[in-house]
Amino acid sequence: MEKRIELEKRGKNPANIKELVLDNCRSTAIVGLTDEFCNLESLSLINVGLTNLKGFPKLPNLKKLELSDNRISGGLQFLNGSPKLSSLNLSGNRITSLDTLEPLKEFKNLKQLDLFSCEVTQIEGYRDKVFELLPDLVYLDGYDQNDKEVEDSDEENGTNEKFPHDDESEEDEPESDEDEENEGDEEDDEDEEDGEVGLSYLQKSIDEESEGEDYDPDGANDSDVDIEDDADEEEVKPRGQKRKLEKDE
């Protein structure tokens, strides 16, 4: 266990470590874990092989302790140096009687306790008796006294408080992809309608221009050109006659 602790420290000062995981490090007793870890908030000792908790250090800020799958049969009084403990997992240990749980009465902040696969769970009226023994307890083996399952947020924090984000209304929820697609279709329809209006307006403008005096789409003013040509011919003809008379003279 000592080697594992040194490895997990990674050269850090023990007083600066808030979480320590020592699972599967194999040791029958607490060794190398000292009071220097004074700011430790979460400690995991799963499947280590512990037979007792003698030598457990004083961890005044410890809130979560994982001791599942060991061979602990008693000695919970050695945890009294961690008054802030709110979540304790003892599942898979050798706890056989309710008397073994008596020391936990001193932990007023203990809200969650797990005793899965312990013989004590086979006692008749086990749940009612544990809640009676520990009146401040909220969840036992993942359920409260009304058989309501522990929520994820409660499981992490060891409390039954409901966080503000759980009460968010549907109005604050982001729009779904389907809603976005519908909005996109509506925008496309509006664009098409705008296109039709634009074409109609353009055609109307063309028609209005066609009504002007200078507009002649079908060559209706060709007669004016013919008249001018005829006038030119008339002017040229007299000149030709005059030249002819002069030649005759």
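Two strands count as a pair if DSSP finds at least two bridges between them. I wrote that down before opening the model, which is a predicted one.

**Entry one: a pair of strands.** I looked up β3 and β4 to try the rule out. Strand β3 covers residues 64-66 and strand β4 covers residues 87-89. Three bridges join these strands, so they pass the cut-off of at least two. They run parallel. I also checked who faces whom, and found Lys-64 opposite Ser-87 in β4.

**Entry two: the whole sheet.** How are the six strands ordered in the sheet? I read β1-β2-β3-β4-β5-β6, an open sheet with parallel pairing. Its edge strands are β1 (19-21) and β6 (139-140), each of which pairs on one side only.

**Entry three: the chain from end to end.** I counted five helices and six strands. Starting at the N terminus, I noted the run α-β-β-β-β-β-α-β-α-α-α.

**Entry four: inside and outside.** The chain has 249 residues, and 30% of them are buried. I found about 17,200 Å² exposed, with carbon and sulfur atoms supplying 42% of that area. Of the contacts between residues at least 6 apart in sequence, 36% join residues at least 24 apart.

**Entry five: how confident is the predictor?** The average pLDDT of the chain is 77, and 61% of the residues score at least 70. I marked residues 192-197, where pLDDT is below 50 and the model shows zero contacts beyond near neighbours in sequence. I marked residues 219-249 too: their pLDDT stays under 50, and the model has three contacts for them beyond four places in sequence.

Notes. Residues numbered from 1 in each chain as written. Predicted model: local features only at pLDDT ≥ 70, side-chain atom pairs only at ≥ 80, totals over all residues. Heavy atoms only, no water. Helix = DSSP H or I, 4+ residues; strand = E, 2+ residues; numbered from the N terminus. Buried < 20%, exposed > 50% of the residue type's maximum accessible area, 1.4 Å probe, protein only. Contact = heavy atoms within 4.5 Å. Areas by Shrake-Rupley, 256 points an atom, 1.4 Å probe, with all protein chains shown as cover. pLDDT = per-residue confidence, 0-100.
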